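Biologist: Please show me the chain and its structure, so that I may put some questions to you about them.

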Amino acid sequence: MKKQLLLLCIPLFSLPVSAQTYVGNFPSSSIDVIPRVVSDQKSTYICTKDYHDGFVGINILDENLEMVRNFDVKVAKYQAGQKHEERSRTLILDGAYFSYFGTAETWEDAKEIIKGVDSGELVDRTGEGPFQGWMYSGWIFTNQLWPAPSRYYDFYVIEDGGGNTRASRRSDEDYTGMYPRFIFDWNPDTKEVRRLDLSYREGYQGEWKTISEESWLDGDVIRTRFVNYDDNAGAEQRFFVTQTLFNDDENFEIIAPIYDESYSRVDEGDRDGDGQTDYRYTYNGGRIVGYSVISEYGNSICTFDPPSGYYFSGIERLVKMNGHYYLLISMGSDEAGWSYGFYKIDHETSSVQYVKSLGMTVSPAIANKSELITVTLGKDSNAKEIRVVNAQGQTIKNIPIKEGQNTVTFSAQGLSRGLNIINAPDGKGIESSKIIIK
């Protein structure tokens with residue numbers, strides 16, 4: 001019996017091993033494959049691209065890495081930029097209380113009383129103190145004595161590192177960024193000698209300063225995901241070159257963005273909740289106002305634009321459904337927020353036609369805290385809640401969504417001033433939209 005088992009096993013071990021053939025190295029690290037249904041439908045083409053002298057060089061190779069065609073396409077690039085500005089981080093007065101030490105007829109007499117209260121050396125700051133003429137609870141301080149800067153913990157000092165605020169020693173010559181823990185004062189009208197103890201919170205005030213500023217050339221060949229729902233709904237491919245998607249000729253095409261170079265947008269916010277704008281981002285250029293399908297010979301096959309009042313932010317995917325091809329494009333609107341637009345490709349006329357907009361919308365896109373916000377979910381959304389996230393990434397509000405509910409309305413009260421992101425997560429991803437609270 002054992003011998004028979006051994007004989008049965010011998011053929012399994014003697015099966016020939018299939019050989020693996022080395023084809024060659026790819027000439028570029030930017031590699032994609034044209035989906036068979038948008039190539040000539042006979043071959044699978046491998047594509048690479050590189051940039052030189054303002055052109056995009058496209059290489060088309062076959063499955064054996066033999067060059068089929070290579071060409072250069074001029075892609076218009078526009079100057080875009082971003083500037084990040086903030087008010088200086090500082091300490092903001094948060095509270096104060098008085099201690100009464102008696103009366104004095106003159107400022108010099110008041111100093112003598114103060115010397116008897118504080119054992120340290122006192123420095124007269126009446127002419128240069130930041131609280132000169134400052135009013136608190138109806139009191140105006142016309143004369144002030146600060147504790148000597150050499151005394152440890154006599155001043156609060158804002159520390160820029162680590163995001164923390166602590167008291168620290170400062171030299172006598174350096175008064176910048178110093179916040180006294182208390183002030184001795186004499187009021188010439190009431191003759192009262194007082195000490196004002198002060199407390200602070202961290203905030204953002206003062207002059208604007210530039211945190212970062214950068215610029216870049218924007219514009220590229222669009223790299224798109226392809227999902228073939230008709231033949232294999234679970235498969236995705238990525239491509240940046242097509243051949244038979246827009247027509248039946250032998251030429252290859254690319255999709256390139258059309259930019260509005262004059263576009264500018266400013267996003268502002270209030271980080272510390274004191275009602276003052278204290279950070280802002282300024283964006284220049286780079287808003288996509290259309291797409292152009294460009295032949296390998298440089299001529300435009302067709303162009304397509306967003307609906308009125310919208311702009312493009314990117315092609316999400318190409319989809320084949322019921323024998324037709326659709327581009328799913330992310331669109332934005334300053335009034336209605338974000339949504340997705342469906343564009344049908346008309347192969348016969350080499351054109352792209354807007355079909356409809358799907359996805360979540362938020363109204364109004366800019367609101368006061370006294371207003372109501374209305375969120376309309378996308379047609380196929382199965383989100384269970386709305387999440388509002390502030391500019392720091394903190395979730396500040398959760399609104400549950402009932403089954404079958406498509407519209408959610410809630411108050412803007414409690415939202416952070418400035419930019420907020422409204423998310424509607426479901427099993428397929430997260431729909432998002434922006435809203436700015438004034």
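The questions and answers below concern this predicted model.

Biologist: How many helices and how many strands are there in the chain?

Modeller: The chain has 438 residues, and 43% of them count as buried. Its secondary structure consists of two kinds of element, and the count is two helices and 33 strands.

Biologist: Among contacts between residues at least 6 apart in sequence, what share joins residues at least 24 apart?

Modeller: The count leaves out pairs that are fewer than 6 places apart in sequence. Of the contacts that remain, the share that joins residues at least 24 apart is 57%.

Biologist: Which residues of the largest nonpolar core touch the most other members?

Modeller: The largest nonpolar core holds 39 residues. One of its members, Ile-60, touches residues distant in the numbering, including Val-241 and Phe-252, as well as Ile-34 and Tyr-45. Apart from this core lies another, of 19 residues, among them Leu-377 and Phe-410. In the largest core, the members that touch the most others are Ile-60, Val-241, Tyr-291 and Leu-318.

Biologist: Which strands are the edge strands of the open sheet with the order 1-2-3-4?

Modeller: This open sheet has four strands with antiparallel pairing. Neighbouring strands in it are turned by 25° against each other on average, direction ignored. An edge strand pairs on one side only, and the two that do so are strand 1 (31-34) and strand 4 (67-74).

Biologist: Which residue of strand 4 stands opposite Asn-59?

Modeller: Strand 3, which covers residues 55-61, pairs with strand 4 in the antiparallel sense over seven bridges. Opposite Asn-59, the residue in strand 4 is Asn-70.

Biologist: In strand 31, which residue is the bridge partner of Ile-373?

Modeller: An open sheet of three strands has the order 26-28-31, with antiparallel pairing. Strand 31 (407-411) is one of its edge strands. Strand 28 (residues 372-376) pairs with strand 31 over five bridges. The bridge partner of Ile-373 in strand 31 is Phe-410.

Biologist: Is Glu-85 buried or exposed?

Modeller: Glu-85 lies in strand 5, which spans residues 78-103. Its contacts include Trp-208, Ile-211, Tyr-279 and Thr-282. The relative accessible area of Glu-85 is 10%, and the cut-off for a buried residue is under 20%. Because 10% falls under that cut-off, Glu-85 is buried.

Biologist: With which side chain does that of Glu-85 form a polar contact of 2.9 Å?

Modeller: Among the residues that Glu-85 touches are Asp-278, Tyr-279 and Arg-280. The polar contact of 2.9 Å joins the side chain of Glu-85 to that of Arg-280.

Biologist: What is the phi of Lys-191?

Modeller: Most residues other than glycine have a negative phi. Lys-191 is not a glycine, yet its phi is positive. This residue, Lys-191, is placed in the loop between strand 13 (182-186) and strand 14 (192-218). Its phi is about 70°.

Biologist: Is Asn-322 buried or exposed?

Modeller: Asn-322 is in the loop between strand 22 (311-321) and strand 23 (324-333). Its phi is near 50°, a positive value in a residue other than glycine. The relative accessible area of Asn-322 is 69%, and exposed means over 50%. Because 69% is over that cut-off, Asn-322 is exposed.

How values were computed
Residues numbered from 1 in each chain as written. Predicted model: local features only at pLDDT ≥ 70, side-chain atom pairs only at ≥ 80, totals over all residues. Heavy atoms only, no water. Buried < 20%, exposed > 50% of the residue type's maximum accessible area, 1.4 Å probe, protein only. Polar contact = N/O pair within 3.5 Å; in protein donor to acceptor, adjacent residues only side chain to side chain. Contact = heavy atoms within 4.5 Å. Core = buried A, V, L, I, M, F, W, Y, C linked by side-chain atoms within 4.5 Å. Pairing = 2+ DSSP bridges. Axes fitted to C-alpha atoms, helices over the stretch in contact; angles between N-to-C directions. Lists of a residue's contacts leave out its neighbours within four places in sequence.
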